Amino acid sequence: VGVGHVMKAPRGTVGALRGIAVFSFVMMHGRANFPGVYRVLPFHDDVEAIRYTLGLHYAGVMLGGIAGAALLRAIVEALHRFSAHPFYRMSVFFSVLFVTLVFAGQ
């Protein structure tokens, strides 16, 4: 299930980032666990598996940003249904944003 139906990312972005995450996760386990994969890839005779941690972090940060944007969009849409007046929507939105930033700083 997930939030893929809510996200407004460019077509194929979420799938590509998931692919990068899975590939990096598999490659991070090293030559001892997946020797066939390492043999097929060129220039992987002396590559340390820890280098794939960066790919996993990259995909996680990007997917987290997309999911955060989808959450923010859902909040704004809920505020539109809750109140027709823009002042009340913006005051609730910035209150939620302020509380989030205060708790994130602790």
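## His44 and its surroundings

His44 lies in the loop between α2 and α3. The structure is a predicted model, and in it His44 has a relative accessibility of 12%. His44 therefore counts as buried, the limit being under 20%. Leaving aside residues up to four places away in sequence, His44 touches Met27, Arg31, Tyr38 and Tyr52.

A separation in space can also be given for His44 and Phe87. These two residues are 43 positions apart along the chain, and their C-alpha atoms are separated by 58 Å.

## Arg31 and the loop between α1 and α2

One of the residues that His44 touches is Arg31, which is placed in the loop between α1 and α2. Arg31 counts as partly exposed, because its relative accessibility is 36% and that class covers values between 20% and 50%.

When residues up to four places away in sequence are not counted, the contacts of Arg31 are with Tyr38, His44, Asp45, Asp46 and Val47. For Arg31 and Asp45, the C-alpha to C-alpha distance is 9.3 Å, with their positions 14 residues apart in sequence. Tyr38 is touched by Arg31 and is also touched by His44.

## The aromatic pair

One aromatic pair is found in a search of the whole structure. Its members are Phe23 and Tyr52, arranged edge-to-face, with 6.0 Å from centre to centre and 85° between the planes. The pair links distant parts of the chain: Phe23 belongs to helix α1 (residues 13-28), while Tyr52 belongs to the loop between α2 (35-40) and α3 (53-82), and the two are 29 residues apart.

The partners fall into separate accessibility classes. Phe23 counts as partly exposed at 39% relative accessibility, whereas Tyr52 counts as buried at 14%. Tyr52 is also among the residues touched by His44.

## Ser24 in helix α1

Ser24 lies in helix α1. With a relative accessibility of 4%, Ser24 counts as buried. Its contacts, not counting residues up to four places away in sequence, are Tyr52, Gly55 and Leu56. Tyr52 thus appears in the contacts of Ser24, in those of His44 and in the aromatic pair with Phe23.

## Overall fold and dimensions

The chain contains four helices and zero strands. Read from the N terminus, its elements follow the order α-α-α-α. The radius of gyration is 20 Å, well over the 13 Å that the globule rule gives for 106 residues, so the chain is more spread out than a compact globule. Along the principal axes, the C-alpha trace spans about 65 × 35 × 20 Å.

Of the 106 residues, 20% count as buried; His44, Tyr52 and Ser24 are among those that do. Among contacts with a separation of 6 or more, 53% are accounted for by residues 24 or more positions apart.

## Surface and charge

The chain exposes about 8100 Å², of which carbon and sulfur atoms supply 70%. It carries 9 positive and 4 negative charges, and the mean positions of the two sets are 19 Å apart.

Definitions and conventions:
Residues are numbered from 1 along each chain as its sequence is written. This is a predicted model: local features need pLDDT of at least 70, side-chain atom pairs count only at pLDDT 80 or more; totals for chains, interfaces and linings use all residues. Side-chain values use heavy atoms; hydrogens and water are left out. The radius of gyration is taken over C-alpha atoms; the globule rule is 2.2 Å times the number of residues to the power 0.38. Buried means under 20% relative accessible area, exposed over 50%, partly exposed in between (1.4 Å probe, protein chains only). Contact means heavy atoms within 4.5 Å. Accessible areas come from the Shrake-Rupley method with a 1.4 Å probe; for residues, only the protein chains shown count as cover. Lys and Arg count as positive and Asp and Glu as negative; His and the chain ends are not counted. The place of a charge is taken as NZ of Lys, CZ of Arg, CG of Asp or CD of Glu. Rings of Phe, Tyr and Trp (its six-membered ring) pair if their centres lie within 6.5 Å; planes under 30 degrees apart count as stacked, over 60 as edge-to-face and the rest as tilted.
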